[in-house]
Amino acid sequence: MDASREEYLRIAGLLLENAEETFKRFGESLNGGITLEGLLEVQSAVFLGLADAALYSFAARDEGSVRKAYSIFLRALDIVRLGNAYENVPEIDLQLNYLRDLDPERGFSLDRRLSTLGEPKPIQIWANRVIKLRNAVEGRPPRDPLHEIGYGIVETDRRFPALLSAVRRVYRINRPQ
């Protein structure tokens, strides 16, 4: 196993573990009331964490972890729905309200030509990363993987090498016509 794959697996494992722990705490806190701090933690530790875990797992060819990230994502989405925790507080970058209309099988359309909303919100990008990578594992790769899973990741981003590995893998799965 090469060093980058080992590192990707290590990072993905840590992110999945953290997302799962945060998700459990969030589910338990629903009875005691939901705080904005708790929702921010869910947004970053669960949704962003799962997006990054899916990216690193896919790049490392660990399909089980990609599926696990998607499974936790669906459960977290259900908890947000059940708790009616669709909060939007722009001052603190809380964006859970954008998940209200999410199709968990297809994700969001990030096509700027079709969007009347302008730039997608980070939570939409994170959700897409989990969904599109899981779909790729299931044999339905994204048409434009660099855009659909890499939106917002620049060359200086720590995730950029994993993104390139993931995009190369998507293209090996589904060669462009």
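# Salt bridges, a helix and a core

User: Let's start with E138. What relative accessibility does E138 have, and how does E138 count?
Analyst: In this predicted model, E138 has 37% relative accessibility, so E138 counts as partly exposed.

User: Ok, and which residue does E138 form a salt bridge with?
Analyst: R67 is the partner, and the closest N and O atoms of the pair are 2.7 Å apart. The two come from distant parts of the chain, 71 residues apart: R67 is in helix α3, whereas E138 sits in the loop between α4 and α5 (145–150). R67 counts as partly exposed because its relative accessibility is 36%.

User: Do tell me about networks. Which residues are joined into one by salt bridges that share partners?
Analyst: That would be D52, R129, D157, R158 and R159.

User: And how many salt bridges does the structure hold?
Analyst: There are 13. One of them pairs E41 with R25, with the closest N and O atoms 2.5 Å apart. E41 belongs to helix α2 and R25 to helix α1, so this pair ties together parts that are 16 residues apart in sequence.

User: Nice. How do E41 and R25 count for accessibility?
Analyst: E41 has 35% relative accessibility, so E41 counts as partly exposed. R25 has 42%, so R25 counts as partly exposed too.

User: Back to that network. How far apart are the closest N and O atoms of R129 and D52?
Analyst: They are 3.8 Å apart in the salt bridge between R129 and D52. R129 is in helix α4 (residues 122–137) and D52 in helix α2, so the pair ties together parts 77 residues apart in sequence.

User: Is that pair buried or exposed?
Analyst: Buried. R129 has a relative accessible area of 1%, and D52 has 2%. The cut-off for buried is under 20%, so D52 at 2% qualifies.

User: What else does D52 touch, leaving out residues up to four places away in sequence?
Analyst: D52 touches L15, R129, R158 and R159. The side chains of D52 and R158 are also joined by a polar contact of 3.4 Å.

User: Switching topic: helix α1. Why does its span agree with its number of residues?
Analyst: Helix α1 covers residues 3–29, which is 27 residues, and at 1.5 Å a residue the helix should span 39 Å. Its end C-alpha atoms are 39 Å apart, so the two values agree.

User: Which residues of α1 are buried?
Analyst: They are Y8, I11, A12, L16, A19, E20, T22, F23 and F26.

User: And what do those pack against?
Analyst: The buried residues of α1 pack against three helices, namely α2 (36–59), α3 (63–82) and α6 (160–173).

User: Last topic, the nonpolar interior. How many residues does the largest nonpolar core have?
Analyst: That core has 56 residues, and the ones with the most contacts inside it are F47, L50, F58, F73, L99 and L102. The elements giving two or more residues to this core are α1, α2, α3, α4 and α6.

User: Which element gives the largest share?
Analyst: Helix α2 does, with twelve residues.

User: You listed L102. What is L102 in contact with, leaving aside neighbours within four places in sequence?
Analyst: L102 contacts F73, L77, R81, G107, F108, A127 and I131. Of these, F73 is itself among the residues with the most contacts inside the core.

Notes: Residues are numbered from 1 along each chain as its sequence is written. This is a predicted model: local features need pLDDT of at least 70, side-chain atom pairs count only at pLDDT 80 or more; totals for chains, interfaces and linings use all residues. Side-chain values use heavy atoms; hydrogens and water are left out. Helices (H or I, at least four residues) and strands (E, at least two) are DSSP runs, numbered from the N terminus. The expected span of a helix is 1.5 Å times one less than its number of residues. Buried means under 20% relative accessible area, exposed over 50%, partly exposed in between (1.4 Å probe, protein chains only). Contact means heavy atoms within 4.5 Å. A polar contact is a pair of N or O atoms within 3.5 Å; within protein, one must be able to donate a hydrogen and the other to accept it, and residues adjacent in sequence count only if both atoms are side-chain atoms. A salt bridge is a side-chain nitrogen of Lys or Arg within 4 Å of a carboxyl oxygen of Asp or Glu. A nonpolar core is a set of buried Ala, Val, Leu, Ile, Met, Phe, Trp, Tyr and Cys residues joined through side-chain atoms within 4.5 Å.
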